[in-house]
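Visitor: I am new to this structure and would like to learn how to read it. Could we go through it together, one feature at a time?

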Amino acid sequence: MENPGESQHRNGLPSTGGSDQGMRASPGVDDDAIVSGWSAMRPFVLIGLACIVTGGLVAAITGPTGFEHGSWMAAYLVLVAGVSQVGLGAGQALLPRRPPTQPTTTWELLTWNAGNVAVITGTLSGTPALVVVGGLGLFLALVMFLSAVRQTATARVGWLAAYRILAALLAASVPVGLFLSLTRHQ
């Protein structure tokens, strides 16, 4: 039975007012923003985590099997295809006032992962042209990620700087990786 002046909140917990403001985990956090942010970053996080696990498995079999490109592939899967993808996807979902739209995230996801597949396939097959195509795909995806996070709330300025530094480091690594791939195959 309810006490006078106290009503049941929709989740069964008591509420002292007509608003659910007191029931949120953090003041000023919009539940819809959290849900839409998670929806926008979920594919990047899931695919990124799968790449991290796959990179670990590749590292585990490299020594015993003598897999020539195993060490490079494990590092690439973990750092570029995995950790970077999680960071870019989470950053663009959480930093701007509104997360990117579904078409934007779909294009980013396809471009980033197609670029990764092309770089890995080109490296393993000894096809530098495919590595170049993959590198260009990664660079294009980075431009899309950066354009999705142009402005943020003032409380997140430090995180925005970290996001931009991550994207800049990745963008700088593209021509370095392309140069190394081309010189290795001459």
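Visitor: How many of the residues in the lining of the largest pocket are nonpolar, polar and charged?

Guide: One way to read a lining is to sort its residues by type. In this predicted model, the lining of the largest pocket has 14 nonpolar residues, six polar ones and one charged residue.

Visitor: Which residues lie nearest the centre of this pocket?

Guide: Trp72, Tyr76, Val80, Ser173 and Gly177 do, out of the 21 residues that line the pocket. The volume of this pocket is about 440 Å³.

Visitor: And which helix supplies the largest share of the lining?

Guide: That is H5, with eight residues. At least two lining residues come from each of H2, H3, H4 and H5.

Visitor: Let us turn to the nonpolar core. Which residues of the largest core touch the most other members?

Guide: A core can be read by looking for its best-connected members. Here they are Leu88, Trp112 and Phe145, in a core of 28 residues. Two or more core residues come from each of helix H1 (31-65), helix H2 (70-94), helix H3 (102-125), helix H4 (128-148) and helix H5 (157-184). H2 gives the largest share, seven residues.

Visitor: What does Phe145 touch?

Guide: Leaving aside residues up to four places away in sequence, Phe145 is in contact with Phe44, Leu88, Gly89, Gln92, Glu108, Trp112 and Tyr163. Apart from this largest core there is another one, made of five residues, including Ala40, Met41, Val45 and Ala90.

Definitions and conventions
Residues numbered from 1 in each chain as written. Predicted model: local features only at pLDDT ≥ 70, side-chain atom pairs only at ≥ 80, totals over all residues. Heavy atoms only, no water. Core = buried A, V, L, I, M, F, W, Y, C linked by side-chain atoms within 4.5 Å. Buried < 20%, exposed > 50% of the residue type's maximum accessible area, 1.4 Å probe, protein only. Helix = DSSP H or I, 4+ residues; strand = E, 2+ residues; numbered from the N terminus. Contact = heavy atoms within 4.5 Å. 1 Å grid on protein atoms, 1.4 Å probe; cavity = no way out; pocket = protein on both sides within 12 Å on 5 of 7 lines; lining within 4 Å. Points joined across faces, edges and corners; volume = space filled by probe spheres on them. Nonpolar A, V, L, I, M, F, W, Y, C, P; charged D, E, K, R; others polar.
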